[in-house]
Amino acid sequence: MTDTASLLAQAQACMTPNYRPPPMVISHGDGAQLWDLEGRRYLDFSSGIGVTALGHAHPRVVEAISEQAAKVCHTANMVHHQGYIEICRRLTELSFGDKVFLSNSGTEAIEAALKISRRYFFDRHEPRTGFVSAVGSFHGRTYGAITLTGQPDYQKGMGPLLPDVTHVPFDDTDAMQAAVGPTTAAVVLEPIQGNNGVRIPRPGYLAAVREICNGAGCHLVFDEVQTGAGRTGKWFAHEHEGVTPDIMTLAKGLGGGLPLGAMVTNDEIAAALQPGVHASTFGGNPVACAAGLATMDVIRDDALLDRARRTGEQLIERLRATLDRHACIKEVRGRGLMIGIELHEPAAPVKNACFERGLLTNTAGSHVLRLLPPLIIGDDEVREAVGVIDDAIAAQQ
Ligand SMILES: *Cc1c(COP(=O)(O)O)cnc(C)c1O
């Protein structure tokens, strides 16, 4: 039995209950569109939480995956393969970084960043083990990452957590200055808080934190798992501010739909990861690397960074103009195609109303509807999504 009702019953019976997706089962996708098993079409403005940067079933990604799968799917890191080398080389060319470690996910990239930072200072006999991160931040679900994550709900009942982690209010330079000291190993920040509702810090905040880290002699880590790989209209969101970290984490959009994460750093810090210090069996899997390389090729060849910047500006303008008539709208904000619509009321009912009208979105925090459409969307899709959101909000009154 593969009809939707039967599958949903099976899901309830055999899946751990930590996910509560809407009552449909996906069949396939094409570009920004998805279809369920009943043949219903959806416009996908969630991209599997900012992952499918080129939309679904992009021919160049499909071809790269198929070709690589027919050659070799897995090697572990006992041997070299071309895809791993090529992804690392390109990330070093595109960024401040000299060296790259590949993982399967964002949370693993964060763990690599935490471990390399502490190990770097251990090797120098400097007693630095502290991490400072922001209130409201999200860095993943493994123990190091949930400890950094500045949202108590995500940590509830999970303790004891990683020692030596401090949370400071986001976008508050004085609080950061007060928290960073001679035992701090690293400050870890999202350049734009994603999960917490697309919070963009004031211009100059990231530069001020950079100065604070320089003064204290600790590392600055930018968690670009959500903002990186073109999402904000540049390869990396920190480029908008002209501020360079010592370590950067990537994942989500990097693999174009396959699991691929990265920890990017400079030569000096990278030297802390000697053989045996850190590793991953699956990290930098050949098929994931092939998908990531094809995704990077298309972003470059189709000038998708410029396009994401322009489309994002249009989408924000149109949302502001159209939604202005609703009293419940607090603010529409974003950078590139990372957009938040903050409401004076909970966003989940609006997300559900969008779903009923065939538009997939996310919430981020309780009051923000978050849009992370694929970088390939065009004018028609922008118009359609704005119309649906307008209608979904109107239906709440
Ligand atoms: C999603 C996310 C993570 C965690 O990534 P996973 O692949 O789910 O482990 C970490 N940091 C940020 C900023 C994220 O948005």
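Helices and strands are DSSP runs, numbered from the N terminus; a helix is at least four residues and a strand at least two. The exercises below concern a predicted model.

**Exercise 1. Describe where Thr149 lies and what surrounds this residue.**

Solution.
1. Placement: Thr149 belongs to the loop that runs between α6 (143-148) and β6 (165-168).
2. Exposure: buried means under 20% relative accessible area. Thr149 has a value of 0% and is therefore buried.
3. Polar partner: the Thr149 side chain reaches the backbone oxygen of Ala145 at a distance of 2.8 Å.
4. Packing: with neighbours within four places in sequence set aside, the contacts of Thr149 are Ser137, Phe138, His139, Gly140, Tyr154, Gln155 and His167.
5. Link to the ligand: among the residues that surround the ligand are Phe138, His139 and Gly140, and these three residues are also in contact with Thr149.

**Exercise 2. Characterise the surroundings of the ligand: which residues form the shell, and which polar atoms approach the ligand?**

Solution.
1. Shell: the ligand is surrounded by Ser105, Gly106, Thr107, Phe138, His139, Gly140, Glu190, Asp223, Val225, Gln226 and Lys252.
2. Composition: two residues of this shell are nonpolar, six are polar and three are charged.
3. Backbone approaches: a backbone N or O atom of Thr107 is 2.8 Å from a ligand oxygen atom, and a polar backbone atom of Phe138 is 3.3 Å from a ligand nitrogen atom.
4. Side-chain approach: an N or O atom in the side chain of Asp223 lies 2.7 Å from a nitrogen atom of the ligand.
5. Coverage: on its own the ligand has 380 Å² of accessible area, of which the protein covers 82%.

**Exercise 3. For the salt bridges of Asp297, Asp171 and Asp390, identify each partner and the parts of the chain that are tied together.**

Solution.
1. Total: there are 23 salt bridges in the structure.
2. Asp297: its partner is Arg90, with the closest N and O atoms 2.7 Å apart. Because Asp297 lies in helix α10 (residues 286-301) and Arg90 in helix α4 (residues 82-94), the pair ties together parts 207 residues apart in sequence. Asp297 and Arg90 are both buried.
3. Asp171: its partner is Arg202, with the closest N and O atoms 3.3 Å apart. Asp171 is in the loop between β6 and α7 (173-179) and Arg202 in the loop between β7 (184-189) and α8 (205-216), so the pair ties together parts 31 residues apart in sequence. Asp171 is buried at 17%, whereas Arg202 is exposed at 54%.
4. Asp390: its partner is Arg325, with the closest N and O atoms 3.1 Å apart. Asp390 is in helix α13 (residues 379-394) and Arg325 in the loop between α11 (304-323) and β11 (329-335), so the pair ties together parts 65 residues apart in sequence. Asp390 is buried at 13% relative accessibility, whereas Arg325 is exposed at 58%.
5. Network: salt bridges with shared partners join Arg60, Glu86, Arg89, Arg90, Glu93, Asp297, Arg300 and Asp301 into one network.

**Exercise 4. Locate the backbone features at Pro160, Ser47 and Ala229.**

Solution.
1. Pro160: a cis peptide bond, with omega about 0 degrees, joins Gly159 and Pro160. Pro160 lies in the loop between α6 and β6.
2. Ser47: its phi is near 55 degrees, a positive value in a residue other than glycine. Ser47 lies in helix α2 (residues 47-50) and is buried at 0% relative accessibility.
3. Ala229: its phi is near 60 degrees, again positive in a residue other than glycine. Ala229 lies in the loop between β8 (219-223) and β9 (247-250) and counts as buried at 8% relative accessibility.

How values were computed
Residues are numbered from 1 along each chain as its sequence is written. This is a predicted model: local features need pLDDT of at least 70, side-chain atom pairs count only at pLDDT 80 or more; totals for chains, interfaces and linings use all residues. Side-chain values use heavy atoms; hydrogens and water are left out. A residue is near a molecule or strand if one of its heavy atoms lies within 4 Å of it. A polar contact is a pair of N or O atoms within 3.5 Å; within protein, one must be able to donate a hydrogen and the other to accept it, and residues adjacent in sequence count only if both atoms are side-chain atoms. Accessible areas come from the Shrake-Rupley method with a 1.4 Å probe; for residues, only the protein chains shown count as cover. Ala, Val, Leu, Ile, Met, Phe, Trp, Tyr, Cys and Pro count as nonpolar, Asp, Glu, Lys and Arg as charged, and the others, Gly among them, as polar. Buried means under 20% relative accessible area, exposed over 50%, partly exposed in between (1.4 Å probe, protein chains only). Contact means heavy atoms within 4.5 Å. A salt bridge is a side-chain nitrogen of Lys or Arg within 4 Å of a carboxyl oxygen of Asp or Glu.
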